[in-house]
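This report is for a reader who is new to the structure shown below. Please look over the sequence and the model before reading on.

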Amino acid sequence: MGLNYYHILKKVREGRKLVIRGITTAGSGHPGGSFSMAEMMGCIYHKYLRHDPKNPLWPDRDRLVLSKGHASPGLFSNLAVAGYFDKSEIETLRKFESRLQGHPDYKCPGVEFCGGSLGLGLSFSIGVALAARIDGKKTHIYTIIGDGECDEGQVWEASMAASKFKLDNLTVFLDRNFIQQDDYTERVMPLDEELVGDDISEMWKNAARWKVGDKWRSFGWNVLEIDGHRIEQIVKAVNSVLQTRGTPSIIVARTIKGKSVEHMEDNPKWHGVAPNSQISPIIELELDCQFLIAPSIIAGDMTNLENEVKRASHGRADFIHLDVMDGIFVSNKTFDHEKIRQLRSVTQVPFDAHLMINEPIKQIKNYVDAGCDVITVHAEVCDESSFGEIHDVLRSNEVSVGLAINPETQLPSWTEKFIPDLDQLIVMSVVPGKSGQKYIESTHEKVQNIAKFLTEKKFDGFIEADGGVDLTNLESCFLDGARVFVGGSAIIGQKDVRAIIIEFRKKLMHARRKLLIHRAYSLGGAELVNKWIDLHEVGKKKMDLLQIAKEAGFV
Ligand code: DX5
Ligand code: ZN
């Protein structure tokens, strides 16, 4: 089974957009903590939870208990995306008589716990877990607690009880975003090593300071520590806890408050404040413009691909791009599924396999079984029927579905019916066959046109730019509409992969900021541009934004 990566990613994005819609309409609510837990919620609701939105009280269901109830918009948005109620209901958030209140309430279908008074959710979950055991049910309880919430003594009493009762049907997620209502957690009540120095927003990045896992370990819990925004790490952790017997588990997820909206990220102000209605369309665009970086390992040492995978994963790549060439569809040969199977154990980072092979339908299952998470086949060697079959095999194995076109290929008309459900479209910007070629300039226009066409056809996937992408053209590729960026010679071909990926990210952030500034200007002229810029208080974002606005003549 694959990660179902894009499926979850798209649900998470949709959830975040609903949070913004609800909170903006209400004029109040908690975006920060809704966003720090968004990927965790997305994985639970859209991969693990055994539930039935049409029968919310199904007795054998799993439970998701949101103990940090103030993040209710993050819960409601997932319930809406999962189908418990119509998405438009999110606009009733916090209104009189609405089922969606500032804190979760049983009158909303899918809500398992009336949270809000902090510190209680874990005790409640223990009761549910014990009841499930007594009733002989397979129910698993997933409970999300906050780090500020850990100031409550009851959390620690509950943690002793869960351990005493060996509740292996209980998994807790600690949303470790380092910020609580008034300030950084380490200033209010430190959970980690005592802070020496002022740069609090930087401290969570220093792994040596993370001690909260030790506290839970000493209480007898199975503890896993992950990056709470990386789907593959959440999935691996949940798979592991579901196999654990005899102890409750806690997944300490390091997260960023306000994650995915730059001005909210890591800013305590956004714990419980709503964006105004002028700003929210810009935020929505920002949420639609998330990007991924995918180093291609064939640009490295082909005799030691394990090491290339390690370099990419150490460099914090989002995907490992695997260029499979069969010597027939393209004249070169690289590796096949056997090699991918060997590489699979080297990293958890998702495998983005680009199959440059003839008759992919004959081999697709081998690549699924080898552990690929996204598989892209070429339109030149498919037709409606074979691609339909490929699509079904991939979907049923939770592998994301990609289609690629060569520089001289236009999207064939048979692809149209697949577009709304397609996860990824690779628009090749070199003639496929090897890395290190020059980007074909006409691809810019081609991608711009395709992006427009895809939007009309209700595409909600990602365009991947592949071939000759480097620091000089990255920004234009982003502005064309690409959101996944393959880098062979420009990333793997470089000595310091981690440093170059940081450079890639900086360029892409800059390009995104440009897009958003332009959106602000078109929506509200210089005044809105200035408002948008002023929101960016933490870090050096503001300087970059000002520069962009000045260059465009907006301020
Ligand atoms: C070309 C491959 C690309 C390529 C990337 O056939 O699909 O992924 O190797 O390498 P660069 O970035 O060097 O073009
Ligand atoms: Zn490729």
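Is Glu97 buried or exposed? Glu97 is exposed, because its relative accessible area is 81%, and exposed stands for values over 50%. The model in which this value was computed is a predicted one.

## Positive phi in a loop

Glu97 is placed in the loop between H4 and H5. Its phi is near 75 degrees, a positive value in a residue other than glycine. Most residues other than glycine have a negative phi.

Arg94 is also placed in the loop between helix H4 (72-82) and helix H5 (121-134). The phi of Arg94 is near 65 degrees, again positive in a residue that is not glycine. Arg94 is partly exposed, because its relative accessible area is 32%, and partly exposed covers values between the 20% limit for buried and the 50% limit for exposed.

## The surroundings of ligand 1

There are 20 residues around ligand 1, and those that come nearest are Asp323, Asp466, Gly468, Gly488 and Ser489. By class, this shell holds 6 nonpolar, 11 polar and 3 charged residues.

Oxygen atoms of ligand 1 pair with polar atoms of the protein at several places. In the side chain of Asp323, an N or O atom is 2.7 Å from an oxygen atom of the ligand. For Ser489, a polar side-chain atom lies 2.6 Å from a ligand oxygen. At Gly433 the partner is a polar backbone atom, 2.9 Å from an oxygen atom of ligand 1. Taken alone, ligand 1 exposes 380 Å², and the protein buries 100% of that area.

Two or more residues of the shell come from each of these elements: strand S7 (320-325), strand S8 (351-356), strand S13 (484-487) and helix H18 (488-492). S7 gives the largest share, 3 residues.

## Helix H12 and its buried side

Helix H12 spans residues 305-314, and its buried residues are Leu305, Glu308, Val309, Arg311 and Ala312. These residues lie on the same side of H12, because they cover an arc of only 160 degrees around the axis.

What do the buried residues of H12 pack against? Their partners are strand S6 (292-295), S7, helix H13 (337-343), H18 and helix H19 (497-535). Of these, S7 and H18 also give residues to the shell around ligand 1. Just after H12, Arg316 takes a positive phi of about 65 degrees.

Methods
Residues numbered from 1 in each chain as written. Chains lettered and ligands numbered in written order. Predicted model: local features only at pLDDT ≥ 70, side-chain atom pairs only at ≥ 80, totals over all residues. Heavy atoms only, no water. Near = heavy atom within 4 Å. Polar contact = N/O pair within 3.5 Å; in protein donor to acceptor, adjacent residues only side chain to side chain. Areas by Shrake-Rupley, 256 points an atom, 1.4 Å probe, with all protein chains shown as cover. Helix = DSSP H or I, 4+ residues; strand = E, 2+ residues; numbered from the N terminus. Nonpolar A, V, L, I, M, F, W, Y, C, P; charged D, E, K, R; others polar. Buried < 20%, exposed > 50% of the residue type's maximum accessible area, 1.4 Å probe, protein only. Arc of directions from axis to C-beta. Contact = heavy atoms within 4.5 Å.
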